[in-house]
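Me: Got a minute to go through a structure with me? I'd like to talk about contacts, empty space and cysteines.

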Amino acid sequence: MFKINDCHNVNDFRKLAKKKLPSPIFHYIDGAADDEVTYRRNTQSYEKCSLIPKVLNNVDKVDIGLKIMGKRIDLPFFLSPTALQRLFHYEGELAVAKAAEKFNTFFGISSLSTVSLERIREIKTPKIFQLYFHKDRGLTNSMIDKCKTGGIDAIALTVDTITGGNRERDLRTGFTSPPKLTLKSLLSFATSPSWSLNYLFREKFDLPFLSEYVKEGTDIQVSVSDYFSNMLDQTMNWKDAENVKKKWGGTFCLKGIMSKEDAKKAIDIGADAIMISNHGGRQLDGSASPFDQLEEIADYVSGKIELICDGGIRRGTHMLKALSLGANACSGGRLYLYALAAAGQKGVEKSIQNLKNELLRDMKLMGCTKISQLNKKNIIFF
């Protein structure tokens, strides 16, 4: 039987997650918008260039840690905030946070977290909260206030969900949060007994950041696309982002920046970092990949803001390429979500360890002992 010890990379965990999850849940993780062109491009773009190694360097000791958003982490990547994690495994965000703690890297918490901040705050790892800007400003402000007292180290305001992307896999499978049984999905849930029993008999599904205020996503079934389209404020602008930064008062990041012009505006409002991201290809299909935009943005901002390359990462070499082109760090969601679905905390830890092993080995093969030694000179484009 295929087990986590047989999972040597992200794609192995994807295969195992597909076996364990009901079809609607798996395709929610795995799917993207429209024809999923951007989703595929996010990973394929890393293959447009090659690494150029240097030899005869002493690489006995390698340090792959770095400082990002005011925190020293032991890996050059962190775990992006992703929604609804207890749908994928009953341990949910607690499992991911504990795995991040083990490796001392940032753990991302979504506004659509299925575990409360009170339960996560005691886990001693750097934390970044993904803030959605709601029509209900009281809801948005309450999330910021919770972050102030809940041990959050940085807020990332998501700016690429002004409306929901056309996630056709979710339409075909009937995915909602929480999930609902239909004649179409019944067989899939029945043939995933472990998941179904855990969902039915463990802690009741909830979205704590929302449930005190609204029903959407908690008491009724709704698609994530509907949540974006109906609950988020489509009038959000740069002044709103600046006001969020002022109310928060701490390290502030914008998630979803894809152009050099918007990167400059992020600097102008005082953001500390941007996540170059297209939401994993789940919003505007046909858009560029984060890696495609990275070099231009890095050259344009000239070190005035921290850059995080988010999305499409499946290998340590992908991270080395991004770091060489000017990223200060990398991040990703599916790189750990498949593992969470496959085996909970142990799965996430195994996935992180796999990537860490790749990074250490590949740094030695590159002839580098520190992340700061990576630069454009060790990249060639076809």
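**Contacts, cavities and cysteines**

Reply: Sure, and let's start with a side-chain pair: Arg169 makes a polar contact with the side chain of Asp30, at 2.8 Å. Keep in mind that this is a predicted model.

Me: Which other side chain is joined to Arg169 by a polar contact?
Reply: That of Glu36, at 2.9 Å.

Me: Where does Arg169 lie, and is Arg169 buried or exposed?
Reply: Arg169 lies in helix H8, which covers residues 168-173. Arg169 counts as buried, with a relative accessible area of 16%, because the cut-off for buried is under 20%.

Me: What else is Arg169 in contact with, leaving aside neighbours within four places in sequence?
Reply: The list is His27, Asp30, Gly31, Glu36 and Tyr39. Of these, His27 and Asp30 are among the buried residues of H2.

Me: How much of H2 is buried?
Reply: Seven of its eight residues are, so H2 is largely enclosed by the rest of the structure. The buried ones are Pro24, Ile25, Phe26, His27, Tyr28, Ile29 and Asp30.

Me: OK, on to empty space. How many cavities of 30 Å³ or more are there?
Reply: Four. The largest cavity holds about 400 Å³ of space. It has 29 lining residues, and the closest to its centre are Pro81, Thr82, His279, Arg282 and Gly333.

Me: Which helices supply at least two residues each to that lining?
Reply: H2 again (23-30), along with H12 (224-231) and H17 (334-366). H17 gives the most, with three residues.

Me: And how does the lining of the largest cavity divide into nonpolar, polar and charged?
Reply: There are twelve nonpolar residues, eleven polar and six charged.

Me: What about the second largest cavity, what volume does it have?
Reply: About 80 Å³. Its lining is made up of Arg86, Leu87, Phe88, His89, Tyr90, Trp195, Asn198, Tyr199, Arg202, Glu203 and Phe205. Helices H4 (85-88) and H10 (193-201) each supply at least two of the lining residues. By type, the lining of the second largest cavity has six nonpolar residues, two polar and three charged.

Me: Back to Pro81 and His279 for a second. Which residue touches Pro81 and His279, among others?
Reply: Gln130 does. Not counting residues up to four places away in sequence, Gln130 also touches Ile109, Ser110, Ser111, Ala156, Thr158, Lys255. Its place is in strand E6, residues 127-131, and Gln130 is buried, with a relative accessible area of 2%.

Me: What does the side chain of Gln130 make a polar contact with?
Reply: With the side chain of Thr158, at 3.1 Å. Gln130 and Thr158 are 28 residues apart along the chain, and their C-alpha atoms are separated by 6.5 Å.

Me: Let's switch to pockets. What volume does the largest pocket have?
Reply: About 450 Å³. It is lined by 23 residues, of which Val159, Asp160, Thr161, Gly256 and Asp262 are the closest to its centre.

Me: Which elements each supply at least two residues to the pocket lining?
Reply: Helix H13 (238-248) and strand E8 (251-257). E8 gives the most, with three residues. The lining of the largest pocket divides into nine nonpolar residues, twelve polar and two charged.

Me: You mentioned Asp262. Which side chain reaches the backbone nitrogen of Asp262?
Reply: That's Ser259, at 3.1 Å. Ser259 is found in the loop between E8 and helix H14 (260-268). Not counting residues up to four places away in sequence, Ser259 touches Gln293 and Ile297.

Me: Last topic, cysteines. How many disulfides does a search of the whole structure find?
Reply: Zero.

Me: Why is there no bond for Cys330?
Reply: The closest cysteine sulfur to that of Cys330 is in Cys309, 5.5 Å away, which is too far for a bond. A disulfide needs the sulfurs within 2.5 Å. Cys330 is also buried, with a relative accessible area of 0%.

Me: And how far is the sulfur of Cys253 from the closest cysteine sulfur?
Reply: 13 Å, again with the closest one in Cys309, so that is too far for a bond as well. Cys253 is buried too, with a relative accessible area of 0%.

Methods:
Residues numbered from 1 in each chain as written. Predicted model: local features only at pLDDT ≥ 70, side-chain atom pairs only at ≥ 80, totals over all residues. Heavy atoms only, no water. Buried < 20%, exposed > 50% of the residue type's maximum accessible area, 1.4 Å probe, protein only. 1 Å grid on protein atoms, 1.4 Å probe; cavity = no way out; pocket = protein on both sides within 12 Å on 5 of 7 lines; lining within 4 Å. Points joined across faces, edges and corners; volume = space filled by probe spheres on them. Helix = DSSP H or I, 4+ residues; strand = E, 2+ residues; numbered from the N terminus. Nonpolar A, V, L, I, M, F, W, Y, C, P; charged D, E, K, R; others polar. Polar contact = N/O pair within 3.5 Å; in protein donor to acceptor, adjacent residues only side chain to side chain. Contact = heavy atoms within 4.5 Å.
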